[in-house]
Amino acid sequence: MSRSGIGYDLHRLVPGRKLIIGGVEVPFEKGPSGHSDGDVLAHAICDALFGAAGLGDIGTHFPDSDPRWKDADSLRFLEQASALLSARRFGIEHIDATVIVERPKLLPHFPAMRQALAGALGIGVDRINLKAKTNEGVDAVGRGEAIAAQAIATLEE
Ligand code: MG
């Protein structure tokens, strides 16, 4: 049986933080505030995977009150999520995700991001599709104050 889950995440963009998206550092003057590295793409994918597997959400598994996850590399969340799925005999069929940010342009970084995400999840890069949108200057994302991501994951039981 195939099961799907959705994920969404948003982080404020602030000076003095590295912009990590999909496990890749993207050169920019701001980065996401957050307890971990604030990787919105990894977080949205993590929630999509947990949702599809019926395993709750990222906050249940990696609470931001836990000092272990302070400035954590969010690819570690994906590695652990993948191990939990494997233990329950779920295979990851496909992941599709959209990152919404006004600047910088993400397209040139997608090959490295797909590689990093696929590596953390232990799947082929052909199972991950990434898309980028701006918010057309509207709302906090459009003003460059935040970055958001949406993801859908499909698992095979
Ligand atoms: Mg997050």
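1. Let's start in the sheet. β1 and β7 run antiparallel to each other and pair over eleven bridges. Keep in mind as you read that this is a predicted model. Two of the facing positions are handy for finding your way around: H11 has I147 of β7 as its bridge partner, and I6 stands opposite I152, again in β7.

2. Now the sheet as a whole. It is an open one, built from five strands in the order β4-β1-β7-β5-β6, with mixed pairing. β4 (30-32) and β6 sit at the edges, each pairing on one side only. From one strand to the next, the twist averages 20°. Helix α1 packs on this sheet and touches β1, β5, β6 and β7; its direction makes about 155° with that of β1.

3. β7 has a second antiparallel partner to look at. Nine bridges join β5 to β7, and here I95 stands opposite A153 of β7. Both of those residues turn up again in point 6, among the contacts of L49.

4. Next, the metal. Which residues coordinate the magnesium ion? They are D9 through OD, H11 through NE2 and H43 through ND1, at 2.2 Å. Along the chain, the donors follow the spacing D-x1-H-x31-H. H11 belongs to strand β1 (residues 2-15) while H43 belongs to helix α1 (residues 40-53), so this pair ties together parts 32 residues apart in sequence. One caution if the site looks short of ligands to you: water is not among the atoms, so sites may look incomplete.

5. Are the two histidines buried or exposed? The cut-off for buried is under 20% relative accessible area. H11, at 12% relative accessibility, therefore counts as buried, and H43, with a relative accessible area of 8%, is buried too. H43 has plenty of company from further along the chain: leaving out residues up to four places away in sequence, it touches D9, H11, S36, D37, G38, I58, S74 and F77. D9 and H11 in that list are the other donors to the magnesium ion, and F77 comes back in point 8 as part of the ring cluster.

6. On to the nonpolar core. The largest one has 47 residues, and the members that touch the most others are I45, L49 and L78. At least two residues each come from α1, α3 (75-87), β5 (91-100), α4 (110-121), β6 (128-133) and β7 (146-156). The top contributor is α1, which gives eleven. L49 is a good residue to click on here: residues up to four places away aside, it touches L78, L85, I92, I95, L121, A153 and L155. As background, nonpolar side chains tend to be buried together in soluble globular proteins.

7. A quick look at the loop between β4 and α1, where you'll find S33. How far is S33 from P15, in sequence and in space? The two are 18 residues apart in sequence and 8.9 Å apart in space, C-alpha to C-alpha. Setting aside neighbours within four places in sequence, S33 is in contact with H11, R12, V14 and R17. So there is a link back to point 4 here, because H11 is the strand β1 member of the histidine pair.

8. Last, the aromatics. There are two aromatic pairs in the structure. In one, the ring centres of F50 and F62 are 6.2 Å apart with the planes at 40°, so this pair is tilted. F50 is in helix α1 and F62 in the loop between α2 (58-61) and α3, so the pair ties together parts twelve residues apart in sequence. F50 is buried at a relative accessible area of 0%, and F62 is buried at 6%. In the other pair, the rings of F62 and F77 have centres 4.4 Å apart and planes at 15°, so they count as stacked. With F62 in the loop between α2 and α3 and F77 in helix α3, the pair ties together parts that are 15 residues apart in sequence. F77 is buried, just as F62 is. Put together, the ring pairs link F50, F62 and F77 into a cluster.

Terms used: Residues numbered from 1 in each chain as written. Predicted model: local features only at pLDDT ≥ 70, side-chain atom pairs only at ≥ 80, totals over all residues. Heavy atoms only, no water. Donors = N, O, S within 2.8 Å, 3.2 Å for Na, K, Ca; no water. Helix = DSSP H or I, 4+ residues; strand = E, 2+ residues; numbered from the N terminus. Buried < 20%, exposed > 50% of the residue type's maximum accessible area, 1.4 Å probe, protein only. Core = buried A, V, L, I, M, F, W, Y, C linked by side-chain atoms within 4.5 Å. Contact = heavy atoms within 4.5 Å. Pairing = 2+ DSSP bridges. Axes fitted to C-alpha atoms, helices over the stretch in contact; angles between N-to-C directions. Phe/Tyr/Trp six-rings, centres within 6.5 Å; stacked < 30°, edge-to-face > 60°.
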